[in-house]
Amino acid sequence: MNITEPMFLALTALVDEPRHGYGIVQEVDRLSEGRVQLKIGSLYGVLDRLAADGLVQLDREEVQRGRLRRYYRLTDDGARTLADEAARLAANAEAATARLRARGTAGRPSAGPSPTPRPATALAVLARTSLTALAARAAAAGGVA
């Protein structure tokens, strides 16, 4: 299965607790440090695809201030898929970082008006964050993710 960055971040946002749509958007913004601005309209397309693939499911619905809020939760298949994808991204990021280090450019700021984050390092950090969250969830549940 091809996991896009918004899908990866939405799954990651659901690791620790069920969230409603706007809560997912806020958590994706926090996780990506503002690099990914997931819009509500595109979020529901992402959630529909993740639900169709059995990676998330509806947890509950609540009415708040006259509006229906749907809360989604990560399924066990979703946690396994996220762990696999996080490991794949971490391995790819480590390979890229090693090659950059060998070239002598790892850690140098880019030549431009504003420094940009090193994608390999950012991916590795995000992947490690996802794996850490999955491990914490598994420990709290008394099992292994």
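Start with α4 in this predicted model: its buried residues are Gly78, Ala79, Leu82, Ala83, Glu85, Ala86, Leu89, Ala90, Ala93 and Thr97. Glu85 is on that list of buried positions, so a charged residue sits there alongside the alanines and leucines, since Glu is classed as charged. The helix itself has 28 residues and reaches 41 Å from its first C-alpha to its last, close to the 40 Å expected at 1.5 Å a residue. Just past its end you'll find Gly104, with a positive phi of about 90°.

Now step back to the whole chain. It comes to 5 helices and 3 strands, and reading from the N terminus the elements go α-β-α-α-β-β-α-α. The chain has 145 residues, and 34% of them count as buried. If you take the contacts between residues at least 6 apart in sequence, 55% join residues at least 24 apart.

What sits in the middle of the packing? In soluble globular proteins, nonpolar side chains tend to be buried together. Here, the largest nonpolar core has 27 residues, and the ones with the most contacts inside it are Phe8, Leu11, Ile24, Val28 and Leu50. The elements giving it two or more residues are α1 (5-13), α2 (21-31), α3 (40-52), β3 (67-74) and α4 (76-103). Of these, α1 gives the most, with 6 residues. So the helix we started from, α4, is one of the contributors to this core.

Leu50 is a good residue to click on next. Leaving aside its neighbours within four places in sequence, Leu50 is in contact with Met7, Ala10, Leu11, Leu55 and Val56. Leu11 in that set is also among the residues with the most contacts inside the core.

That takes us to how α1 packs against other helices. Two packed helices are described by the angle between their axes and the distance between the axes. For α1 and α2, the angle is about 105° and the axes are 9 Å apart. The two helices are therefore roughly perpendicular to each other. On the α1 side the contact uses Leu9, Ala10, Thr12 and Ala13, and on the α2 side Ile24, Glu27, Val28 and Leu31. Sorted by class, those residues are 6 nonpolar, 1 polar and 1 charged.

The pairing of α1 with α3 can be read in the same terms. Their axes come within 10 Å and cross at roughly 75°, which makes α1 roughly perpendicular to α3. Pro6, Met7, Ala10 and Leu11 of α1 meet Val46, Arg49 and Leu50 of α3. This contact has 6 nonpolar residues, no polar ones and 1 charged. Ala10 is worth a second look: it takes part in the contact with α2 and in the contact with α3.

Let's stay with α2 for a moment. Its buried residues are Gly21, Gly23, Ile24, Val25, Glu27, Val28 and Leu31. Is Val25, in helix α2, buried or exposed? Its relative accessibility is 14%, under the 20% cut-off, so Val25 counts as buried. Not counting residues up to four places away in sequence, Val25 touches Leu38, Ile40 and Leu43. The C-alpha atoms of Val25 and Ile40 are separated by 7.1 Å, though the two residues are 15 apart along the chain.

Just after α2 comes Glu33, in the loop between α2 and α3. Phi of Glu33 is near 50°, a positive value in a residue other than glycine. Glu33 counts as exposed, at 66% relative accessibility.

Arg65 shows a similar backbone feature: its phi is positive, about 50°, although it is not a glycine. You'll find Arg65 in the loop between β2 and β3, and it is exposed, with a relative accessible area of 83%.

Finally, look at Glu61 in strand β2 (residues 56-64). With a relative accessible area of 41%, Glu61 is partly exposed. Beyond residues up to four places away in sequence, Glu61 touches Leu68, Arg69 and Arg70. The C-alpha atoms of Glu61 and Tyr71 are separated by 6.1 Å, with the two residues 10 apart along the chain.

Methods
Residues are numbered from 1 along each chain as its sequence is written. This is a predicted model: local features need pLDDT of at least 70, side-chain atom pairs count only at pLDDT 80 or more; totals for chains, interfaces and linings use all residues. Side-chain values use heavy atoms; hydrogens and water are left out. A nonpolar core is a set of buried Ala, Val, Leu, Ile, Met, Phe, Trp, Tyr and Cys residues joined through side-chain atoms within 4.5 Å. Buried means under 20% relative accessible area, exposed over 50%, partly exposed in between (1.4 Å probe, protein chains only). Helices (H or I, at least four residues) and strands (E, at least two) are DSSP runs, numbered from the N terminus. Contact means heavy atoms within 4.5 Å. Axes are lines fitted to C-alpha atoms, for helices over the stretch in contact, and angles run from 0 to 180 degrees between N-to-C directions. Angles under 35 degrees count as roughly parallel, over 145 as roughly antiparallel, 65 to 115 as roughly perpendicular and the rest as oblique. The expected span of a helix is 1.5 Å times one less than its number of residues.
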